[in-house]
Amino acid sequence: MSQKLSELSDAEWERYARQIGPAVLSREGQARLKASAVLVTRVGGMGGPAAQALVMAGVGRVIIAHGGAMISPDLNRQVLGSEAGIGRLRAEHFAERLRELNRFVAVESIDHEPDDAEADAFARRCDLLIACPPTFEERLRLNRAAVHACKPIIDAAQWGMGGTLIVLQPGQTACLACVYPEQPPFEEFFPVVGAISSAIGSLAALEAIKILAGAGEPMLGKMFVYDGLRGLPSVVALRRNPRCPVCAGSVHGESAASDREAR
Ligand SMILES: [Zn+2]
């Protein structure tokens, strides 16, 4: 991590007391969280719990992006929503809810999904990206931005009672375009149960916290798959595509070379 470590106040150390110690975060790790900025795009079923966990854990700046106004069917999974929020702009409503959780962090919101230039700008500003959009177009856009800026990205996806989590570090691991060279078909009103959305979103936040704080062993280069209908978890190791149009080439020449030596 390159960012400068931040000082925490006594009140902040008190807030985070339960997550500092053996098997959790070091004090330095907590300070690293405070110095970090994370972009979460689409803060609905998965991104909402992810953003919530990051804010509560003390990530210094959480930037959320989500377009449109809340509708009733959102409330089977979008934990940052509320009955009173129906009809309101999601980004604004969700940001208010997040700010109520932790006075020590900054929450920024944008009321639309970033385009190519915005995604690149956010990836440069942030230390990590969490991508929770339903469309592959958006997921692959965020992946490209992460590769351009060489920032870790966590891709979360849900369908029915199952979900996947992909944890990527450009230059070291495959990228999302290596995993999905062609965009699978998109279903606008796909089935989903909120419990799986929250589970996958929370795990995305846990991986982000580990990466940012330097704790544990992040699932880098792996895809976690949970078949919730049958209660079956599995982990798949992901391979880089040497001809990937996004991550192959000169940008990460050094890492590509060390990958070759490792083989
Ligand atoms: Zn790739």
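Colleague: Is Val-235 buried or exposed?

Modeller: This is a predicted model, and in it Val-235 is exposed, because 10 other C-beta atoms lie within 10 Å of its own, while a residue counts as exposed at 12 or fewer.

Colleague: Where in the chain does Val-235 sit, and what does Val-235 touch?

Modeller: Val-235 belongs to strand E8, and, leaving aside residues up to four places away in sequence, Val-235 touches Lys-222 and Phe-224. Phe-224 is also the bridge partner of Val-235.

Colleague: How far is Val-235 from Thr-164?

Modeller: From C-alpha to C-alpha, Val-235 and Thr-164 are 9.5 Å apart in space, although 71 residues separate them in sequence.

Colleague: Back to the strand, then: how many residues of E8 are buried?

Modeller: The count is 0 among the 6 residues of E8, and the strand is hardly covered.

Colleague: And how does E8 pair with E7?

Modeller: Strand E7, residues 222-227, runs antiparallel to E8, and 6 bridges join the two. Besides the bridge between Phe-224 and Val-235, there is one between Lys-222 and Ala-237. The two strands form a hairpin with 4 residues between them, and in the turn Gly-231 has a positive phi of about 70°.

Colleague: What is the order of the strands in the whole sheet?

Modeller: The sheet is open and has 8 strands, in the order E3-E2-E1-E4-E5-E6-E7-E8, with mixed pairing. Strand E3 (106-110) and strand E8 (232-237) stand at the edges, and each has a single partner strand, so one side of each is left without a neighbour in the sheet. If direction is ignored, neighbouring strands are turned by 15° against each other on average.

Colleague: What about E5, is that strand enclosed or hardly covered?

Modeller: Strand E5 is largely enclosed by the rest of the structure, because 5 of its 7 residues are buried. E5 pairs with E4 in the parallel sense over 3 bridges, and one of the residue pairs joined in this way is Ile-130 with Ile-154 of E5.

Colleague: Which strands does helix H8 touch?

Modeller: Helix H8 packs on the sheet and touches strand E1 (37-41), strand E4 (128-131), strand E5 (153-159), strand E6 (162-168) and E7, and the direction of H8 makes about 170° with that of E5.

Colleague: Changing topic to helix against helix, at what angle do H2 and H8 cross?

Modeller: Helix H2, residues 27-34, and helix H8, residues 194-213, have axes that come within 8 Å and cross at roughly 110°, which means that H2 is roughly perpendicular to H8.

Colleague: Which residues make that contact?

Modeller: On the H2 side the contact is made by Gly-29, Gln-30, Arg-32 and Leu-33, and on the H8 side by Ile-209, Leu-212 and Ala-213. Sorted by class, the contact has 4 nonpolar, 2 polar and 1 charged residues.

Colleague: Last topic, the chain as a whole: how many helices and strands are there?

Modeller: The secondary structure comes to 9 helices and 8 strands, and 43% of the 263 residues count as buried. Along the principal axes, the C-alpha atoms fill a box of roughly 55 × 45 × 40 Å.

Colleague: What radius of gyration does the chain have?

Modeller: The chain has 18 Å, which agrees with a compact globule, because one with 263 residues would have a radius of gyration near 18 Å. Among contacts with a separation of 6 or more, 71% are between residues 24 or more positions apart.

Conventions. Residues are numbered from 1 along each chain as its sequence is written. This is a predicted model: local features need pLDDT of at least 70, side-chain atom pairs count only at pLDDT 80 or more; totals for chains, interfaces and linings use all residues. Axes are lines fitted to C-alpha atoms, for helices over the stretch in contact, and angles run from 0 to 180 degrees between N-to-C directions. Angles under 35 degrees count as roughly parallel, over 145 as roughly antiparallel, 65 to 115 as roughly perpendicular and the rest as oblique. Two residues are in contact if their C-beta atoms, placed from the backbone, lie within 7 Å. Ala, Val, Leu, Ile, Met, Phe, Trp, Tyr, Cys and Pro count as nonpolar, Asp, Glu, Lys and Arg as charged, and the others, Gly among them, as polar. Two strands pair if DSSP finds at least two bridges between them. The radius of gyration is taken over C-alpha atoms; the globule rule is 2.2 Å times the number of residues to the power 0.38. A residue is buried if 20 or more other C-beta atoms lie within 10 Å of its own, exposed if 12 or fewer, and partly exposed in between; C-beta atoms are placed from the backbone.
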